[in-house]
Amino acid sequence: MTENLLGNEWYSERYFHKNVATSFKIKSVLHSEQSKYQKIDVLDTLGVGKLLLLDGKTMVSEIDEFVYHEVMGNIPAMVHPKIRNVLIIGGGDGGIVREFVKHPEIERIDLVEIDERVIEVSKIYFPNCTSGLSDPRVNVKPQDGVEYIKSFKNFFDVIIIDSTDPEDFAAGLFTQEFYKHVSDALTDNGIMMAQTENPFYDEYGIKSFYDNLRAVYPVVKSFTGPMLIYPGVFWTFAYASKGLLPTQLNESKIPFMSELQKTLKWYNMDWHRGAFNISNIHKKVTGC
Ligand code: SAM
């Protein structure tokens with residue numbers, strides 16, 4: 001759990017049993033509401049630009065959102081031989097959709113976000129993130145991903161779990177049962193990815209997420225990318241598949257990505273090829 005303090009000049013997110021905090025100097029509070037699911041705040045900060053908070057936890061900022069969204073969209077796009085159907089669970093800020101719509105082979109993108117107020121607020125304050133939502137291939141579904149996934153068998157080529165921390169209505173997105181439903185909904189070449197917290201401040205038992213994934217998928221790997229606004233910055237992501245290895249870039253897509261990566265701020269194929277060589281603590285905490 002975290003305790004979050006909104007002072008006159010600073011916003012502090014406390015985490016890791018409230019023993020550590022990250023603070024952001026506030027220019028102004030741009031938006032604040034209580035949706036059916038969570039508190040939604042948007043702060044304008046001096047250090048990281050606009051900052052989206054959900055129940056007081058940092059979610060998206062202008063300064064670093066590209067790291068998370070580019071890796072979640074472009075790693076599977078470069079590994080899978082031909083993506084047709086994509087499912088994103090969570091991701092109401094639209095950032096991952098923005099990355100997938102850059103790939104012309106994709107025919108359908110379902111964005112299943114339980115709280116449509118997150119989408120509407122993001123459209124106002126994070127238009128750079130939501131720019132892909134108007135693409136005709138995108139279907140926005142204000143539904144619970146835990147339930148939505150059960151309606152599909154052998155359909156999606158890529159499934160991304162872009163959720164809040166494993167608490168409340170997001171807890172069901174980290175279970176072995178859910179990962180089995182994801183596997184059932186994926187095609188034989190299917191790839192799933194998920195955010196898996198920070199190994200240094202392991203409040204949720206990260207290894208259990210990966211044990212749940214290994215009980216379902218033959219290939220389970222992990223990588224890291226820096227998220228300045230998240231607890232401890234060192235953020236991990238899981239890659240799981242029914243066979244496709246994450247460093248097997250699809251040769252036929254290299255010419256396309258050679259051009260696309262010039263427009264990206266984090267992802268490039270050299271980084272991708274090395275991203276799954278992880279440190280000892282990362283291996284220990286995830287079991288990868
Ligand atoms: N994409 C951002 C980032 O860079 O990390 C933050 C994650 S996104 C805002 C997290 C979303 O997951 C929230 O909008 C939340 O409403 C959504 N969510 C949580 N549990 C969900 C569920 N069971 N089904 C669908 N969406 C869920």
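Me: What makes the link between the side chain of Glu113 and an oxygen atom of the ligand a polar contact?
Reply: An N or O atom of that Glu113 side chain is 2.6 Å from the ligand oxygen. A polar contact is a pair of N or O atoms within 3.5 Å, so this one qualifies. Bear in mind that the model is predicted, with local features needing pLDDT of at least 70 and side-chain atom pairs 80 or more, while totals for chains, interfaces and linings use all residues. Residues are numbered from 1 along each chain as its sequence is written, and side-chain values use heavy atoms, without hydrogens or water.

Me: Which backbone atoms make it too, at Met59 and Gly145?
Reply: A backbone N or O atom in each. Met59's lies 3.4 Å from a ligand oxygen, and Gly145's is 2.9 Å from a ligand nitrogen. The protein also covers 100% of the ligand's own 590 Å² of accessible area (Shrake-Rupley, 1.4 Å probe).

Me: What makes the shell around the ligand mixed in its residue types?
Reply: Twelve of its residues are nonpolar, eight polar and five charged. Of the 25, the nearest include Asp93 and Tyr230.

Me: Why is the Glu62 and Lys50 pair called a salt bridge?
Reply: Their closest N and O atoms are 3.6 Å apart. The rule asks for a Lys or Arg side-chain nitrogen within 4 Å of an Asp or Glu carboxyl oxygen, so the pair passes.

Me: What does that pair tie together?
Reply: Glu62 is in the loop between strand 6 and helix 1 and Lys50 is in strand 5, so parts twelve residues apart in sequence are joined.

Key:
A residue is near a molecule or strand if one of its heavy atoms lies within 4 Å of it. A polar contact is a pair of N or O atoms within 3.5 Å; within protein, one must be able to donate a hydrogen and the other to accept it, and residues adjacent in sequence count only if both atoms are side-chain atoms. Ala, Val, Leu, Ile, Met, Phe, Trp, Tyr, Cys and Pro count as nonpolar, Asp, Glu, Lys and Arg as charged, and the others, Gly among them, as polar. Helices (H or I, at least four residues) and strands (E, at least two) are DSSP runs, numbered from the N terminus.
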